[in-house]
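Student: I am new to this structure and would like a close look at a single part, the surroundings of the ligand. Could you walk me through what is there?

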Amino acid sequence: MIAITGANGNLGKATLSFLLKKTSPQHIAAIVRDAAKLGEFSKSGIEVRVADYEDQESLEKALAGVDRLLQISSSATGVRAMAHETRVVHAAVKCGVQEVVYTSTLFPHESARFQSAHVCRNTEAMIRQSGMKYVFFRNSMYHETIPLFVGEAMGDGRIFYPSGSGRVSFASRRDIAEALSNVLTGPEFANATFHITGPSAHSFADIALALKDAAGFGEAAHTDIPAEDYRKGLLGYGLPEEEAAFYASMADSIRAGEFEGTDRSLEGFLGRKPLGVQEYLRGLF
Ligand SMILES: NC(=O)c1ccc[n+]([C@@H]2O[C@H](COP(=O)([O-])OP(=O)(O)OC[C@H]3O[C@@H](n4cnc5c(N)ncnc54)[C@H](OP(=O)(O)O)[C@@H]3O)[C@@H](O)[C@H]2O)c1
């Protein structure tokens, strides 16, 4: 049995779609906190198991009989995310899960500026020490985050973001989902770590030019604003302090080059070139 945590999320649902093309629905369990949100998938024959990352017992019930687990990283931040992911790992060990495929982040190092990198680093270490077999997908940023980063620039090409000349090796979430489905239905890896990136890294000045090209804007440019102005701007939009700090850490990590690495693992898993940023942006207009 293959199970997926966070199965109601964007990556989870995309992975379910690919898995259903590769294996029988009876071999798939979707772990969700709200079964009603699974929509069409609940009629596909997969097993739907309800569990909450806040509730250890529910996770232990949901992971019973699971051989391969896709542990999608928690969407929470800080200590809550750390607690969520710790509970999943403990439940997996208790239930005798054989292999965990975990979605980590590109640079989960001690020196990382990105807050989530510390959560992922901790979870990777727990999984390594657990004795379960593992595959780590150290994902770069999704293409789908670009509209969130650039906000109103989707309408005029003028990006204000405190990333300096930092570059990001954006990758398509759909491509990552396809690659995950190939790993989950393929032969076991005896403990492996992959850096999952798009084919090239782009600064936000590059993204502005790509937007100009894709949307046909007359002008487009990236302005590197002070990090503190960005953080205050987020607070001004009503984001809580913790979330603003999270997004500020993301910009800081991009500026520091934590997301600029590229690797051909994704291409290897797909057996074709991954979708590039320009193609992704052209598809939005
Ligand atoms: N690489 C990147 O650019 C990038 C960008 C964003 C996020 N991420 C990370 O990658 C993960 C997958 O991305 P995504 O786009 O699929 O995220 P997503 O759409 O936000 O999905 C996250 C899923 O986690 C579930 N969840 C949240 N809290 C939970 C809880 N307490 N118990 C059980 N389930 C809970 C949510 O359930 P509900 O549907 O019930 O809310 C949701 O289905 C994220 O969780 C985050 O760690 C990476």
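**Around the ligand**

Tutor: Happy to! Let us start with one contact: a polar backbone atom of L11 sits 2.7 Å from an oxygen atom of the ligand. Keep in mind as you look that this is a predicted model. Y142 also takes part through its backbone, where a polar atom is 2.7 Å from an oxygen atom of the ligand. With R33 the side chain is involved instead: one of its polar atoms lies 3.0 Å from a ligand oxygen. As for cover, the ligand on its own has 890 Å² of accessible area, and the protein covers 78% of that.

Now widen the view to the whole shell. In total, 20 residues surround the ligand, and L11 and Y142 are among the closest, together with Y53, S73 and S74. Sorted by class, the shell holds 10 polar residues, six nonpolar ones and four charged ones.

You can also use L11 to find your way from the ligand into the fold. Helix α1 spans residues 10-22, and it packs against helix α7, residues 173-185. Their axes are 8 Å apart and meet at an angle of about 50°. Angles from 35 to 65 degrees fall between roughly parallel and roughly perpendicular, so α1 and α7 are oblique to each other. Their crossing is right-handed.

For another helix pair, look at α3 (residues 78-94) and α4 (residues 115-130), which pack at about 15° with axes 10 Å apart. That angle is under 35 degrees, so α3 is roughly parallel to α4. The crossing of α3 and α4 is right-handed.

Note on methods:
Residues are numbered from 1 along each chain as its sequence is written. This is a predicted model: local features need pLDDT of at least 70, side-chain atom pairs count only at pLDDT 80 or more; totals for chains, interfaces and linings use all residues. Side-chain values use heavy atoms; hydrogens and water are left out. A residue is near a molecule or strand if one of its heavy atoms lies within 4 Å of it. A polar contact is a pair of N or O atoms within 3.5 Å; within protein, one must be able to donate a hydrogen and the other to accept it, and residues adjacent in sequence count only if both atoms are side-chain atoms. Accessible areas come from the Shrake-Rupley method with a 1.4 Å probe; for residues, only the protein chains shown count as cover. Ala, Val, Leu, Ile, Met, Phe, Trp, Tyr, Cys and Pro count as nonpolar, Asp, Glu, Lys and Arg as charged, and the others, Gly among them, as polar. Axes are lines fitted to C-alpha atoms, for helices over the stretch in contact, and angles run from 0 to 180 degrees between N-to-C directions. Helices (H or I, at least four residues) and strands (E, at least two) are DSSP runs, numbered from the N terminus. Angles under 35 degrees count as roughly parallel, over 145 as roughly antiparallel, 65 to 115 as roughly perpendicular and the rest as oblique. A crossing is left-handed if the near helix is turned anticlockwise from the far one by less than a right angle, and right-handed if clockwise.
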